[in-house]
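Here are a few exercises to work through with the model open beside you. Try each task before you read its solution.

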Amino acid sequence: MEKVKPSILIVTPYTLVGHGILGIIMREFPEVHVELLPLLEKNTVEQAESSLLLLIVDTAQAHYAPKLIADARRKIPALGIVGLSVVEMQSGFPSPFDEVIALDTPPARLCEKVRHYLVQPEERHTAPQLSKREIEVLKQLVQGKTAKEIGEILHISMHTVTSHRKNLAAKLGIKSISGMGIYAVSLNLIDPKDVQQGG
């Protein structure tokens, strides 16, 4: 039985940029199947091979197709999603990307990042163990509630809320509320429409 090649999908309408990235990755990783598409469409991820490990997508797609990126994350939890910075992200808009790379990223640095997503998918997406109370606090935080409001809702002190928030930041490696919102949505802990914008 033939072994399925790990695959990478590059999505950008900028032809020269896309072909440049495609060429760099194919030269450095000949064992990987790489595909280039101009747009992220509804069936893009559904039609992708089950071996899809990395989606490199231009940041404009975050503005025009945020649901498609969220769907990709939901369907393939171990998928690395890297933004290609072709437009400036709106401030306060939760980033759907694991990280963003600039157009002037040196080829060697791009290859380092690609290698990370090819060799460590399990480590990158292993969800930390959160207590039931931490999940409750997380849900309230990403909905824009203050420590005082959360304390009243959950019948705990503001000090305890602050302590839970510090624990969440440490466990998740995420300090911003918007980042915690992305995490909560990616694990289906909260509906995307309930995330407070601009946290």
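Two strands count as paired if DSSP finds at least two bridges between them. Strands (E, at least two residues) and helices (H or I, at least four) are DSSP runs, numbered from the N terminus. One thing up front: this is a predicted model, where local features need pLDDT of at least 70 and side-chain atom pairs count only at pLDDT 80 or more, while totals for chains, interfaces and linings use all residues. Residues are numbered from 1 along each chain as its sequence is written, and side-chain values use heavy atoms, with hydrogens and water left out.

**Exercise 1.** Work out the strand order of the open sheet.

*Solution.*
Start with one pair: β3 (52–58) runs parallel to β4 (residues 80–85), joined by 5 bridges. In that pair, leucine 54 sits opposite glycine 80 of β4. Now extend to the whole sheet: its 5 strands go β2-β1-β3-β4-β5, with parallel pairing. At the edges you'll find β2 (33–37) and β5 (99–102), each pairing on one side only. From one strand to the next, the twist averages 20°.

**Exercise 2.** Find which strands helix α1 lies across.

*Solution.*
Pick out α1 at residues 15–28, then look for contacts (heavy atoms within 4.5 Å). The helix lies across β1 (7–11), β2, β3 and β4. For direction, fit axes to C-alpha atoms, for helices over the stretch in contact, and take angles from 0 to 180 degrees between N-to-C directions. Against β2, α1 comes out at about 180°.

**Exercise 3.** Describe the cavities of 30 Å³ or more.

*Solution.*
First, the rule: on a 1 Å grid over the protein atoms alone, a cavity is a set of points where a 1.4 Å probe fits but cannot get out, and lining residues have an atom within 4 Å of a point. Points are joined across faces, edges and corners, and the volume is the space filled by probe spheres set on them. That gives 2 cavities.

Next, the largest: about 60 Å³, with 10 lining residues, including Glu41, Lys42 and Val45. Helix α4 gives the largest share of that lining, 4 residues. Sorted by class, the lining has 4 nonpolar, 1 polar and 5 charged residues; here Ala, Val, Leu, Ile, Met, Phe, Trp, Tyr, Cys and Pro are nonpolar, Asp, Glu, Lys and Arg charged, and the others, Gly among them, polar.

Finally, the second largest holds about 30 Å³. Among its lining residues are Leu54, Val82 and Lys113, and α5 supplies the largest share, 3 residues. This lining divides into 6 nonpolar, no polar and 1 charged.

Technical notes. On a 1 Å grid over the protein atoms alone, a cavity is a set of points where a 1.4 Å probe fits but cannot get out, and a pocket is an open set with protein on both sides within 12 Å along at least five of seven lines; lining residues have an atom within 4 Å of a point.
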